[in-house]
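Q: Please give me a close look at one part of this structure and at the partners it meets. I am new to it, so explain the terms as you go.

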Amino acid sequence: MVGAGVLSLPYAMSELGWGPGVTVLVLSWIITLYTLWQMVEMHEMVPGKRFDRYHELGQYAFGEKLGLYIVVPQQLVVEIGVNIVYMVTGGRSLQKLHDTVCDNCKKIKLTFFIMIFASVHFVLSHLPNFNSISGVSLAAAVMSLSYSTIAWAASAHKGVQEDVQYGYKATSKSGTVFNFFSGLGDVAFAYAGHNVVLEIQATIPSTPEKPSKGPMWKGVLVAYTVVALCYFPVALIGYWMFGNGVEDNILISLEKPKWLIAMANMFVVIHVIGSYQIYAMPVFDMIETVMVKKLNFKPSRMLRFIVRNLYVAFTMFVGIIFPFFGGLLGFFGGFAFAPTTYFLPCIMWLAIYKPKKFSLSWCCNWVCIAFGLFLMILSPIGGLRSIIISAKNYEFFS
């Protein structure tokens with residue numbers, strides 16, 4: 001649940017400002033917890049049947065074909081988007097680790113660090129299923145908690161910087177507005193666990209007496225408590241200490257103590273290795289299913305080997321071409337995460353349960369839908385502009 005998007009939250013705060021930033025953070029936490037509860041409830045709402053994939057739930061809510069057309073493209077964009085961002089995150093954290101530990105060494109291009117990070121996935125991608133990566137997932141969870149704690153604790157230790165400013169960084173009104181939109185996307189990206197929640201719930205045993213939603217909901221509550229303990233201190237303390245001068249990754253802003261910052265970046269690398277695999281698994285599953293069922297390929301180890309390696313190579317290549325952490329987060333956060341996280345579960349809930357008009361459930365769902373649409377329309381505009389501005393002064397493969 002705690003994604004590497006937490007590292008950009010101080011930067012999102014600098015784009016949103018104190019009032020709107022805190023409001024969006026808290027609202028997002030409440031709305032995404034509510035939509036996650038809906039998904040856990042809908043997993044087994046039909047007796048004797050479990051919806052183990054997001055698209056299966058979509059097909060039940062909207063019909064066989066329409067459900068696929070609505071959910072699958074959204075899910076694919078989310079999962080591929082996360083994997084691209086995590087390629088950039090892993091590469092940048094490795095580079096920061098190298099530069100911190102060996103500040104007198106010759107500088108190495110970010111491109112090479114992204115390639116080093118990708119090399120791990122050419123091996124890990126051949127693990128068969130979610131249970132095979134449970135050890136990696138546990139390590140990733142511990143790491144995310146650790147680097148989040150280091151991020152806010154090291155920021156607090158460093159203290160408020162001289163000449164710190166909390167106003168908007170952009171010099172023009174249009175720049176401020178576009179940055180605000182991008183900041184919304186950064187926050188949306190941080191709340192990103194919904195896209196694999198049904199697959200995770202599918203691994204929990206279930207009986208009519210003890211349905212899986214019981215232990216799953218307990219797990220969600222623990223996860224969201226941890227999310228609050230990670231996100232809010234990082235966002236608020238990071239912004240308080242650095243103001244609008246904060247980098248799009250808070251760990252890049254921190255320099256000392258060197259051993260602690262190096263360790264935090266190592267934790268980020270270990271975390272995004274695990275998280276990359278969790279988001280890649282459903283994509284592998286989808287591609288291999290299409291290859292076998294639609295294109296009549298014979299299921300084999302060679303097919304799996306080629307498909308998975310090509311996918312890792314694709315995300316690596318895109319990450320190398322567009323290594324803009326903040327802009328990518330803003331774009332994918334709004335374009336892909338807002339629908340699947342903020343309002344698609346609400347639309348499904350309305351379609352399936354049909355709550356009475358103007359009842360509490362009906363009103364809550366429509367508020368979430370309105371907020372999610374607001375994010376989906378505005379955030380990609382800011383994120384795309386940020387990428388274009390960054391690309392102007394960027395030399396490819398540098």
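A: The answer below follows helix α11 through its side-chain pairs and then its packing against another helix.

This is a predicted model, in which local features need pLDDT of at least 70 and side-chain atom pairs count only at pLDDT 80 or more, while totals for chains, interfaces and linings use all residues. Residues are numbered from 1 along each chain as its sequence is written, and side-chain values use heavy atoms, with hydrogens and water left out.

Helix α11 covers residues 258-293; helices here are DSSP runs of H or I with at least four residues, strands are E runs of at least two, and both are numbered from the N terminus. Side chains of opposite charge can pair when their charged atoms come close. The rule for a salt bridge asks for a side-chain nitrogen of Lys or Arg within 4 Å of a carboxyl oxygen of Asp or Glu, and it gives a count of five salt bridges.

One of them joins Asp285 to Arg53, at 3.2 Å from N to O. Because Asp285 belongs to α11 and Arg53 to the loop between α2 (18-42) and α3 (54-62), this pair ties together parts that are 232 residues apart in sequence. Asp285 is partly exposed at 32% relative accessibility, and Arg53 is partly exposed at 25%; buried means under 20% relative accessible area, exposed means over 50%, and partly exposed lies in between, with a 1.4 Å probe and protein chains only.

A further salt bridge pairs Glu288 with Arg308, at 2.8 Å from N to O. Glu288 is in α11 and Arg308 in helix α12 (residues 301-321), so the parts tied together here are 20 residues apart in sequence. Both Arg308 and Glu288 are buried.

Turning to packing, the axes of α11 and helix α5 (residues 110-124) come within 11 Å and cross at roughly 40 degrees. Axes are lines fitted to C-alpha atoms, for helices over the stretch in contact, with angles from 0 to 180 degrees between N-to-C directions. The two helices are therefore oblique to each other, since angles under 35 degrees count as roughly parallel, over 145 as roughly antiparallel, 65 to 115 as roughly perpendicular, and the rest as oblique.

The contact (heavy atoms within 4.5 Å) is made by Phe117, Val120, His121 and Leu124 of α5 and by Val269, Val272, Ile273, Tyr276 and Gln277 of α11. By class, this contact of α5 with α11 has seven nonpolar, two polar and no charged residues; Ala, Val, Leu, Ile, Met, Phe, Trp, Tyr, Cys and Pro count as nonpolar, Asp, Glu, Lys and Arg as charged, and the others, Gly among them, as polar.
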